[in-house]
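Subject: Structure handover

Hi,

Here is the structure I promised to pass on. Have a look at it first, and my notes on what turned up follow below.

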Amino acid sequence: MVPEAIAVVGIGALYPAARGAEQYWRLLTAPATDGTPAPAAGGLGDIEVDVAGFGIPPAQTGTMSRMQLLALEAARQCLQDAGYDRRPLPSDRVDVTVGTCFGLDRQYANALRIEGARYAVELGRTLAEHGGHASDANADTTEEFRAALIRRLGASPHDRVSELVSSIPARVASAFKLRGRTLALESADVTSYLGLAYAMDSLRAGLSDAVLLITGQRHEGPFVARAFAAKGLGQKGSPGATAPYDTGPFSEGVGALLLKRLSSAEQDGDRVYATVRSCVLRHEGRPGAFRYPVRDGLWEEAAAAGRTTCAAAAEAVQYVESAGFGFDGESHAEQRALAASFTGAAPGSVAVGSVRDRLGHTFANAGLAGVGKIALALHHRRLPGGGTRAPMPHGGALRAVAGTEDWPPPSSGGPRRAALVGSSLTGTVAHVVMEEYGTPHSGGGAPAQGHRAITGAGTVSREGPVPIAVVGFAGRFAGCPDAEAFWARTLAGRSMVGPVPDDVFDRSIYYAPGSLSLDRSYTDQGASVPVPDGPPPGLRLPPSRYAALDAAQRVALDVAAELFARRGYPPGGLPGSGLVAVGSNLGLHNERRLNSLLCVDVLEQVADGLDALGALPARTRREVLRLVRDRTVADTDFTHALDGCLASGVAALIANEFALDAVPVAVEAACASSLAALDLAVGRLRSGAVDYALAGGVELPCNARDMVLCSSLGLLSHGRITPFDEAADGFSPGDGCALFLLKRYDDALRDGDPIHGLLRSIGASNDARSLIAPDITGQASAMLQAFDQVEFAPADVGYLEAHGTGTRVGDRVEIAAVAQVYGAVPRRRPLDIGSAKSFFGHTFAAAGGTGLLRALHAVRTATVPPNTGLRTLSPELALDRIPGRIRIDAAPWEAPDGRPRRAAVSSFGTGGINYHLLLEEYQGRPR
């Protein structure tokens, strides 16, 4: 059955020469003055955003990233364009998805502040060598520098929250009271396409009634240009570059789309620009350095799958929008593919253009810019043109659009149709099919009815959406080299939290017990994981490339190897197309560190203003600064820097080194990132878009930067994390990674896979209130949404793996939300509640994966896991209202009258982000 069309009902556009949908259309259709139109020059620095108009206190504006401000403005434009500035959205179930790539300005500033502390120490030492200063004078100079750098960078206790990319969609959700799913994602150049595909999955499954998709790209620091140039993808004139712009590896731009099911848009009286019929992604899994795909047939496969989804023949497409980067290898492969796709079409019948002519390549935003262009073109029934300075496909059926022209109806009848194609430097291609609205269609599909919608391979029965089988799992945590050791440590009942190693956390620079500080931590406790020093057996990564990988990439690669080795899958042994979705911080440590090294001039400007340097002769001052630079800024090789700094590079490394045709994506929803990644994976499986998915999360927060940032807001425990205890005073950071291999249940049975458990549903919501304070209503909403998708009730769940951050307020609110949902009906036995954080600390983006791994072991072994460190249960917990209990010893999990054991996993993130997953024991019976 043809899935329902998705309507584009609102457009927001922020580009150097366009503000809003109308200006964007004028830019796209403006005639060229010399036949070779240059893309809009400059950036988005001149855009003024009325922060007060979004209800944000002035005191918070200094901590907000520039991208957050621009996203708010793009969202405002989009909702206004859709008419929702004059009327409320008809549903609370409105998702906010944001896509961007590379670090934000606040991330870079925070990293520079932490790296600057090392610079300060070296500066003091060097001054002692040249000026004969006493040790106390050097210490004063060091402290003076650190204080001056904090002022220069505008540091705040709230920096840890505001630097998260997920704070962008969270802020948008709060500003416009949108209470659906909230997350950020990144997949290099195809970021927009992943966001679009995820939105379509959620809408067609009835999990959301509208999706606000925002994608953006900015020049935030010197690292990106340097890394692209080292890879041969830099500014005009560098090897391989044919991009039609001179401003660097990409251009700036932020765009937004408001998407709905077509039936909903018509019912709500929305103006519909156009409809999206399909969004297909395919990946070329090739070991080695990241590069654009070149395999013949890859684009054709994506195009064929897209046409099949919407029942449209190739000749029905009249226009193709190319959003590719324009480098030689990719450009030639894309041109060959386009020519092959339209071999049977009439000469000159397919127009080809590119929004790059006007904008340049807006990278993470490129796909959305193309969708917006096509939607406007279909709405106005005109093809924007004006020539191109990049080589475009031509000959045979293909022709370049020289100037803006009328778009005639197809001779075969039916609606005007267009395709959008793009690709990423990690090896993915994307193909989108769009149609005009208001003419006969090739089938609109049945409207979605809540979770009962029919969605291709995800067809539901009268028991809810098809179960998703966990057919493989693996993990690594403090003191636990694999998933078996993780469970053994849990049953042993001993916490792995302790002093963070000196080579990870330099106490002489960053440790100041007993006090809040903007550049020091009051604790040195955490659950650290050693970073591998070589690739797992069977994988061949050159030493220079492996050395350039981020620590999170190395750990995740080892965990993936564990998963495949346990399952017996050889490299490339997973047939079909897949997805690798990894919950992660979207600003990896390596990227922030390398950007800081390139910003040593900022540190020197701060140092130059110190009294100690001002008293030196100019020549001596220059020599001191030169020596400090040499001692603090290593001669770094940037050859492989890009591969080791992309957040989606964690997933791409797994996909490519194991030769999987699986699209890689990084997902960030603060501390709920793992469950957000699993939610995306489950949606892709149920829609039939992929045959398998590897999903989970990784983060290594036991480092100076994260410990200082969390300490400055008072989030860390002064001792060790003790969830649910009367003495709970915060969390301890923990490094961790958990990955799960997923398939549709029927496919797992067909393939003879071991089934370790079944994912039955995932609910999600946003509080749309505070970015920090937890909220009972929002958490309960996510739980209720999860139960709305299944045939069983909260009373049928025997174990809850709680978020359990170890803060008194957080624990109290979480248990109150549990009582509201799980205590609403009588229970036959108490609900057992626990938290993996009591053993392994708070693993941040990996937290939901950590909880799922523990719950999975529990249902597989029929064992209720214990908690550790619990001495006196907090009297503020309303356990009797559930009723619930928190065990300090492992206990047998009695079978509930022959029915499967069921567990739940909660994961909540700053920004009001809430996720709740329901897991079921596999009993070996057909469902």
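Let me start with a backbone detail: Lys177, just after helix 7, takes a positive phi of about 55°. Before going on, the ground rules: this is a predicted model, where local features need pLDDT of at least 70 and side-chain atom pairs count only at pLDDT 80 or more, while totals for chains, interfaces and linings use all residues. Residues are numbered from 1 along each chain as its sequence is written, and side-chain values use heavy atoms, with hydrogens and water left out. Helices (H or I, at least four residues) and strands (E, at least two) are DSSP runs, numbered from the N terminus.

Back to helix 7 (residues 167-176). It is largely enclosed by the rest of the structure, because 8 of its 10 residues are buried; buried means under 20% relative accessible area, exposed over 50%, and partly exposed in between (1.4 Å probe, protein chains only). The buried ones are Ser167, Ile168, Pro169, Ala170, Arg171, Val172, Ala173 and Ser174.

Helix 30 (residues 847-861) is mostly covered too, with 13 of its 15 residues buried. Its end C-alpha atoms are 21 Å apart, which agrees with the 21 Å that its 15 residues should span at 1.5 Å a residue (the expected span is 1.5 Å times one less than the number of residues). Just after helix 30 comes Ala862, with a positive phi of about 55°.

Now the overall picture. The protein chain has 30 helices and 29 strands, and buried residues make up 66% of its 927 residues. Its C-alpha atoms fill a box of roughly 85 × 80 × 55 Å along the principal axes. The radius of gyration is 27 Å, which agrees with the value near 30 Å for a compact globule of 927 residues; that radius is taken over C-alpha atoms, and the globule rule is 2.2 Å times the number of residues to the power 0.38. The chain exposes about 29,500 Å², with carbon and sulfur atoms supplying 52% of it (Shrake-Rupley method, 1.4 Å probe; for residues, only the protein chains shown count as cover).

You'll probably want the pockets. A pocket here is an open set of points on a 1 Å grid over the protein atoms alone, where a 1.4 Å probe fits, with protein on both sides within 12 Å along at least five of seven lines; lining residues have an atom within 4 Å of a point. Grid points are joined across faces, edges and corners, and a volume is the space filled by probe spheres set on the points.

The largest pocket has a volume of about 880 Å³. Of the 41 residues that line it, Val504, Ala551, His589, Cys702 and Asn703 lie nearest its centre. Two or more lining residues come from each of helix 4 (105-131), strand 16 (498-499), helix 18 (551-567), helix 19 (589-597), strand 20 (692-699) and helix 25 (704-712). Helix 19 gives the most, with 5 residues. By class, the lining has 19 nonpolar, 10 polar and 12 charged residues; Ala, Val, Leu, Ile, Met, Phe, Trp, Tyr, Cys and Pro count as nonpolar, Asp, Glu, Lys and Arg as charged, and the others, Gly among them, as polar.

The second largest pocket holds about 650 Å³ of space. Its lining counts 38 residues, and Leu715, Ile772, Thr805, Gly909 and Thr910 lie nearest the centre. Helix 6 (159-162), helix 28 (808-822), strand 28 (902-909) and strand 29 (913-920) each give two or more residues to this lining, with the largest share, 4 residues, coming from helix 28. The split is 17 nonpolar, 14 polar and 7 charged.

Lastly, some loop residues. Most residues other than glycine have a negative phi, and most peptide bonds are trans. Phe102, in the loop between strand 3 (94-100) and helix 4, has a positive phi of about 75° and is buried at 5% relative accessible area. Ala670 sits in the loop between strand 19 (662-668) and helix 24 (673-686); its phi is near 55°, and at 7% relative accessibility it counts as buried. The peptide bond from Ile882 to Pro883 is cis, with omega near -10°, and Pro883 lies in the loop between strand 25 (863-864) and strand 26 (884-885).

Cheers
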